[in-house]
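Q: I would like a close look at one part of this chain, followed outward into the rest of the fold. Please take it step by step.

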Amino acid sequence: TAEQVFILHNEGNGTLKDVTEAVGIHIRNHPLSVTFVDYDHDGDLDLYVSSSDAGKSILWRNNGNSTFTDVTAETGLVTNAISYGIAATDFNNDRAIDLVFASAPRPQLFLNPREGKWSATDVWPQAALSPVVAAVTLDFNKDGWMDLALAHDGPPGITLWRNQKGKSVEQVALPLEGWRRAWGIVALDYDNDGWMDLAAVGETKDGKAEIRLFRNLGENGFKDVTAEVGLDTVKLTSPRALLAADVDGDGDTDLLITQEQAPPVLLRNDGGNQNHFLRIALTGLGDNKSAVGTKVEVFAGTLWQKWEINGSGYLSQSSTDLLVGLGKERRVDTVRMLWPTGVVQDEVEFASNTAHKINEIDRRGSSCPLLFAWDGERYRFIADMIGAGVVGHWVGPEERNIPDSTEYIKIEGEHLRPRHGLLSFSFMEPMEEVVYLDQSRLLAIDHPADLEVYPNEYFASNPPFPAFKVIASRNARPPAGAWDSLGNDVLELVRRRDRNYLTDFELLPYKGFTRLHSLELELPSAYQGGPLRLLLYGYIEYFTANSMYAAYQAGINPVSPFVEAQDANGKWLRVLDDMGFPAGLPRTTVADLSGKLPPGAKRLRITTNLQLYWDQILVDTTPETPSIKVTDLALVNARLAFHGYPRAIEGKSPGDLDYRYEQTSQSGPYAREIGAYTRLGDVRDLVLHSDDRFVVFGSGDEVQLDFNPAGLPPLRPGWKRDYFFFADGYEKDMDFYAAEGEFVDPLPFHAMSQYPYTKENFPLDETHLNDLLNYNTRFFSNAPAASYSFHYAERKKEHQR
């Protein structure tokens, strides 16, 4: 209304409920328009309310918990101008939504800083511009950069601006004369020829209200076709908003004009469907169901178009469905979406003149590098690795994580067999992270057959990180009892390793987060001192930088698992602040409670709000490690190659993944960080030592590793041989809130105090400089891949290695 904004919730029964006060919206600023946009890429729609009072427009952040917060000052999106609305667009093609303010006296462009305050960037020439009342985006010249069309409250009425590669804009002539002002403006392909046209409503110098349509002729510019299509006969009184949609569903774009104190005018397009078309309705995976902010590309033969889902205009919101003109093309090869979450998705092979609903895929954008080992028949998936070595991960405002670059993974002896006389591995990146591998080792662990051995590993939130040692366990026992937060007996779920996981917790809308929940355990016997360890086998469904940011906005911080013990008086005492958790897919985490429990304690309680899935929990009281023989095997071969994307197979619980090395796709829905990667071929010299000489590799790449077992001592009678694979390295994902997530640089190094670093430098001695010049010579730009979809094929048994 003229005085306030109302938020009406659809109750699903044909009624709407006023929830304005409940969600925290309180506006008395003479609002002009409202625009929904996910400005912070956290998966929910925020709200911008423009105002006719200068400097009173407000940005309301969606907190993800059914409330909104005024963040106008916090974000720096404060203007001293009258704002008529905003257009959301990725102006500089950095995958972040920027905002164009339709305002007086001049339009303003705010580039998205991802974190911190936004600042205005003046890209318009200094020549005087009439006040801007509306802005729409379109790629009229098909160069991949979104251009801008503006409606002005003054001559010349409308202007068109070519985006100069995200740095500036250049005005493009339009065949329009004699307009005093404009109001509504839309971009549409009215004749379905594959080129974006423009329509606008305005007023001539002699006070006549009219609509104009400008056809895009490609290199020949724009032509006024208003009279040709009969729009010059339309009688308007006081036009305001102009909206585009295929109202009658016949495959061409119709127009709706609102009028001040007069009925709206609906203009049916008759004949635009003589060319072919494709109708697309997108649905986002999270709260942003309307897919606002999604970038869409359509490939059909020689035709290509790019769109952005926003629909904003002068006091209006056009349809978010796309009607894509195909000209004479009868088939669409690919529809490519870049969703606001960063997910790239290809859908292929559509017939023309059809309508399709496309849902955002539940794709994992980031994971840790995968380890495969040759078991005599195939490369068996062992685990993912160096998840704790992630760099630049958002953990709080202006705060990043501290990486732990080293990890040991156990490989059962029976799962590793010689291939051509060598013990063979593949260390690969299955998604869209960049990996910096510094060292790989293989340790043979010889031990009595009645012992189980484990590396002392867990994901610690902060230093000190776990030091390497071999944990030996004999006759570990399940707990005497186990209960979840609701008091349910869950002992049978954690007694044995069977991939039946403990799942009795409530998931939150933020990936990797749950309601705070506990697992209570009863020890087999009361603690009277001495060794006591929990051997916990399970996995974590990782939180992302984006989900941590979204959770933080809702007032939720991650709670690493902590352990309490019940004393003789029934009081719970905190005995371990950070138990740690599995650093990825299923593995054993060791929680050492030796000497930490009060005498006589028999009950423990583990509490967290992380999405952890426990399969087996054992209680171990084995004294210090008996005689164990550890032998380092020689690394004889290390080669970097492109393998492709192994097929992921999900178990019954979310994120319980297995991979098939031999079933690969040469393409996938993943991008690559921009920068210099290690060239393919021999990289053994780079992974022999921990020395910041990294093998830098990315999406679909693998490091093939072979170790020579010839030097291993013979096994003693009654002994068994298992293996620990060691990796030292870092990885960086492309999450929206990952620091420098779009780029390979800056390279990490072990002595850095933080990432990204500002007061330190990567070592550039002769050796490291030589590596940069001679190894890191494989460059990737932000050019799109040929395909972003999976096409799996079975590889030969020897897997072409």
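Which residues make the nonpolar surface patch of about 310 Å²?

A: In this predicted model, the nonpolar surface patch of about 310 Å² is formed by Phe-6, Leu-8 and Leu-16. Phe-6 sits in the segment that comes before strand S1 (8-10), and because its relative accessibility is 41%, Phe-6 counts as partly exposed, the range for that class lying between 20% and 50%.

A residue with little accessible area offers a contrast to this patch. Val-186, which belongs to strand S15 (residues 179-188), has a relative accessible area of 4% and is therefore buried. Once its neighbours within four places in sequence are left aside, Val-186 is in contact with Val-136, with Asp-197, Leu-198 and Ala-199, with Leu-242, Leu-243 and Ala-244, and with Leu-255 and Ser-318. Gly-64, by comparison, is 122 residues away from Val-186 along the chain, and the C-alpha atoms of the two are separated by 31 Å.

Earlier in the sequence than S15, strand S13 (residues 158-164) pairs with strand S14 (residues 168-172) in the antiparallel sense, over five bridges. Within this pairing, Arg-162 has Glu-170 of S14 as its bridge partner. The hairpin of S13 and S14 has three residues between the strands, and there Lys-165 takes a positive phi near 55°.

On the scale of the whole chain, the division is into domain 1 (8-326), domain 2 (367-451 + 627-795) and domain 3 (477-624). The C-alpha centres of domain 2 and domain 3 lie 28 Å apart, and the contact between these two domains takes 24 residues from domain 2 and 21 residues from domain 3.

Helix H3 (residues 545-553) can be examined in the same careful way. Eight of its nine residues are buried, so H3 is largely enclosed by the rest of the structure. Those buried residues are Ala-545, Asn-546, Ser-547, Met-548, Tyr-549, Ala-550, Ala-551 and Gln-553. Among the elements that cover the buried residues of H3 are strand S5 (58-62), strand S33 (394-396) and strand S42 (513-522). After the helix comes Gly-555, whose phi is positive, near 80°.

Taken together, the account runs from a surface patch that includes the partly exposed Phe-6, through the buried Val-186 in its strand, to a helix that is largely enclosed because eight of its nine residues are buried.

Conventions
Residues are numbered from 1 along each chain as its sequence is written. This is a predicted model: local features need pLDDT of at least 70, side-chain atom pairs count only at pLDDT 80 or more; totals for chains, interfaces and linings use all residues. Side-chain values use heavy atoms; hydrogens and water are left out. Patches are made of residues with over 30% relative accessible area and no salt bridge: like charges are joined within 9 Å, nonpolar side chains (Val, Leu, Ile, Met, Phe, Trp, Tyr) within 5 Å. Accessible areas come from the Shrake-Rupley method with a 1.4 Å probe; for residues, only the protein chains shown count as cover. A salt bridge is a side-chain nitrogen of Lys or Arg within 4 Å of a carboxyl oxygen of Asp or Glu. Helices (H or I, at least four residues) and strands (E, at least two) are DSSP runs, numbered from the N terminus. Buried means under 20% relative accessible area, exposed over 50%, partly exposed in between (1.4 Å probe, protein chains only). Contact means heavy atoms within 4.5 Å. Two strands pair if DSSP finds at least two bridges between them. Domain bounds come from an automatic or database domain assignment.
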